Amino acid sequence: MRPSLIPGPIVVGRAIGELAVRGLLVKYVVASLFRVTWGYLAALVIAIPFGLTLGMMSLGEMAINPILQVLRPISPLAWIPIAILWFGVGDVSAIFLIFLASFLPLTVATMNAVHNIDPVHLAAARNFGVPLRARVADVLLPAILPQLIVAMRIALGVAWLVVVAAEMIAVNSGLGFLIVDARNAGDRYDLVIAGMVLIGVIGVVLDLLMRRLERLDSVRWGYATE
Amino acid sequence: MKVQFTDVSMRFGAMEVLQHVTIGVEEGEFLCIVGPSGCGKSTLLNIAGGFLAPAAGSVTIDGEPVTAPDRRRIFVFQERGVFPWLTVEGNIGFGLFDMPEEARRQRVAQYIQLVGLDGFEKAYPRELSGGMKQRVEVARALAVNPDVLFLDEPFGALDSITRLQMRSELLRIWRAERKTVLFVTHDIDESVQLADRVVVMSARPGRIRRVVDIDIAHPRDLSSKRYIELRDLIFGEIGLAHQV
Ligand SMILES: Nc1ncnc2c1ncn2[C@@H]1O[C@H](COP(=O)(O)OP(=O)(O)OP(=O)(O)O)[C@@H](O)[C@H]1O
Ligand SMILES: [Mg+2]
C-alpha cells in the first residue's frame, strides 16, 4: 500500500468539480438513480402484493417459502451472467439486478409482517364485514406498514449497493461505471474516490428520506419508542 | 329468544372446554357470564359471535343458526381491538363503509358524543388512555347499530376507578340503545352491578352451574342488603369463601 497514491480531499473536490464542468456529474447521478428507481419500484409493486398473498395463504407460503429462503443468501451479483444472458448488456440487465436485490427481502418482510398482525384486528375486520378491497387497504396494509417501511429502507440500501456493481459490468454510464472507467482510462484515482464519495453521500440522503416515512402519524404506533 | 344456545359443547383436541350449555337470552337483556379462568367463557362468546364452530349443539340468533361473524352482532375486545393506525374518527367510522359520506360523518359525530370523546376526533389511539380506547371500541361497535353486543372482559385492563365509570356509562348507553348484551367477566361485583341475569359457570369443562336473577332496579345501591346477598350467592356458587 502506498498511501501517497490515495488522493486527498482537495484533489477529490477538484475531481468532482471537473465532473460537474464536463456535465458528467448530473448525468451519472441521474443514470444511477434512474436504474435504482425502476428496479426498486418494480420490486415494490410486485413484492408487496406477492408477500401479502403468501402471508395470508399458508399453503402458498409452504410451497414458495423454501425457494425464497434458498435464493436469499445468493448475492444479486451472482445473477450477473444470467442477467446478461436474458437481457443483454445494458440498462435492462442492471435494472433486473436491482429488482432482484430488493424483491427478495421485501417479499420475505411483507410475509412475516402479515404473520405478526394482531389476530384481534383481523377478527374485528371480519366482524364488520368490510369488503376485501377495504380489508386490504384499511387493515392489512396499515397493519404491516411500520415493518414494511423498515424493510423498504433496507431494500433501498441494498439496491443502491447493487446499482454500483451492476454498472461496472453492464452499462456505460452511472457512478459505478465512473469508477471502473476512471481506473481503466489512465488510473484517474481522484475520479475513483470522487465516485465513491458521491455514492456514499447519495446513499445517506436516500436513507434519510426513507426514515422520514417512519414519522408518519399512521405508522408511529408500530415503533417502540413512544 | 334473541340468542339461544342449545346443548353447546366444545373441545380443543382432546380437551373438553364446554359441555351441554343451554341458555336463552332475551331481546334487550344484559346477560353476564362469570366463571373461573379457563372455563370456556371466551370460547362460548366466540361461538356465539360466529368466530368458532361448536363441536356439538347450536347457537341461533333470531332463530337463525350462527355460522359466521356478522355485522349485526359485534364483538368488543379489550381495548387492544382499536386500530392503532386510524384516528378516533377513523376507528368509529370503520364499519360504516357502505354509508354516504355525509351520513357517515354525522353518525361518527353522534357516537363520539355518546361516549364523551368530543375534541379527540383526530387523536390516534396511542394518544389516549386505556379507558378512552375502550370507549372508542364501544363506539365503533355501536355505530353500525348492531342488535347484539358481545363483550369479553372489556374493562379487564382498566384501573378500578375507570372501570366503575365505564360500567355506569355502559349502562347508560345500554338503556338508551336497548341492545342485547352478552358480557363476560371474572369480576363478580361487576356482574352484579350490570346484569339482568348472571350465568355462573363451573371450572373446565365449563357447564352452567346456576343462573342468578339480579332483581335490583338501576341505579343499584352497592351497599344494599340485596346486592350483597346476590354477590355472596355467586361467590359461594363459584366456590370462593368471600374472605381474604
Ligand atoms: N384456539 C384454541 N386452541 C386450543 N385451546 C384453546 C383455544 N382457545 C382456548 N383454548 C383453551 O380452552 C380453554 C378455555 O379457554 P377460554 O379462553 O374460553 O377460557 P376463559 O373462560 O375465557 O378464561 P379467562 O377467564 O382466563 O379468559 C382454555 O384451557 C384454553 O387454553
Ligand atoms: Mg377469556
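**Entry 1: the four-stranded sheet**

I began with chain B of this predicted model, where I found four strands forming an open sheet in the order β2-β1-β4-β5, with antiparallel pairing. The edges belong to β2 (15-25) and β5 (64-65) of chain B, and each of these strands pairs on one side only. I then looked at how β5(B) is attached, and noted that two bridges join it to strand β4 (residues 56-61) of chain B, the two strands running antiparallel. Within this pairing, B:Thr60 has B:Pro65 in β5(B) as its bridge partner. I also saw that helix α1 of chain B lies across β1 (3-12), β2 and β4 of chain B, and that α1(B) runs at about 120° to β1(B).

**Entry 2: the six-stranded sheet**

Next I turned to another open sheet of chain B, in which six strands follow the order β6-β7-β8-β3-β9-β10 and the pairing is mixed. Here β6 (73-76) and β10 (208-213) of chain B stand at the edges, and because each has a single partner strand, one side of each is left without a neighbour in the sheet. From one strand to the next, the twist averages 15°. I noted that helix α1 (residues 41-49) of chain B packs on this sheet, where it touches β3, β6, β7 (148-152), β8 (180-184) and β9 of chain B, and that its direction makes about 155° with that of β7(B). Helix α4 (residues 130-143) of chain B lies across β6 and β7 of chain B, and its course is at about 170° to β6(B).

I wanted examples of the pairing itself, and so I looked up two pairs of strands. Strand β3 (residues 30-34) and strand β9 (residues 197-201), both of chain B, pair in the parallel sense over four bridges, and in this pair B:Val34 stands opposite B:Val200 in β9(B). β6(B) and β7(B) also run parallel and are joined by four bridges, with B:Phe150 in β7(B) as the bridge partner of B:Phe75.

Which way do the side chains of β6(B) point? In a regular strand the side chains alternate between the two faces of the sheet. I found B:Arg73 and B:Phe75 pointing one way from β6(B), while B:Ile74 and B:Val76 point the other way, and all of these residues are buried.

**Entry 3: cysteines**

How many disulfides does the whole structure hold? My search over all chains returned zero. B:Cys32 is in no disulfide, and the nearest cysteine sulfur, that of B:Cys39, is 13 Å away. Looking from the other end, I noted that the sulfur of B:Cys39 has its closest cysteine sulfur in B:Cys32, and that 13 Å is too far for a bond, since a disulfide needs the sulfur atoms within 2.5 Å. With a relative accessibility of 0%, B:Cys32 counts as buried, and B:Cys39 is buried with a relative accessible area of 0%.

**Entry 4: where the chains meet**

I then looked at the contact between the chains, to which chain A gives 21 residues and chain B gives 23 residues. Between them, chain A and chain B bury about 2,100 Å², of which 69% is on carbon and sulfur atoms. I counted two salt bridges between chain A and chain B. In a salt bridge, the side chains of A:Asp217 and B:Arg126 meet at 3.4 Å, N to O.

**Entry 5: salt bridges over all chains**

Side chains of opposite charge can pair when their charged atoms come close. Over all chains, the structure holds 35 salt bridges. One of them brings together the side chains of A:Arg153 and A:Glu214, at 3.1 Å from N to O. A:Arg153 lies in helix α7 (residues 132-170) of chain A and A:Glu214 in the segment after α9 (189-213) of chain A, so this pair ties together parts that are 61 residues apart in sequence. A:Arg153 counts as buried at 19% relative accessibility, and A:Glu214 is buried with a relative accessible area of 17%.

In chain B, I noted a salt bridge between B:Glu102 and B:Arg105, whose closest N and O atoms are 3.1 Å apart. These two residues are separated by about one helical turn, because B:Glu102 and B:Arg105 are three residues apart in helix α3 (residues 101-114) of chain B.

Terms used:
Residues numbered from 1 in each chain as written. Chains lettered and ligands numbered in written order. Predicted model: local features only at pLDDT ≥ 70, side-chain atom pairs only at ≥ 80, totals over all residues. Heavy atoms only, no water. Pairing = 2+ DSSP bridges. Axes fitted to C-alpha atoms, helices over the stretch in contact; angles between N-to-C directions. Contact = heavy atoms within 4.5 Å. Buried < 20%, exposed > 50% of the residue type's maximum accessible area, 1.4 Å probe, protein only. Buried area = accessible area lost by both parts, 1.4 Å probe. Salt bridge = Lys/Arg side-chain N within 4 Å of Asp/Glu carboxyl O.
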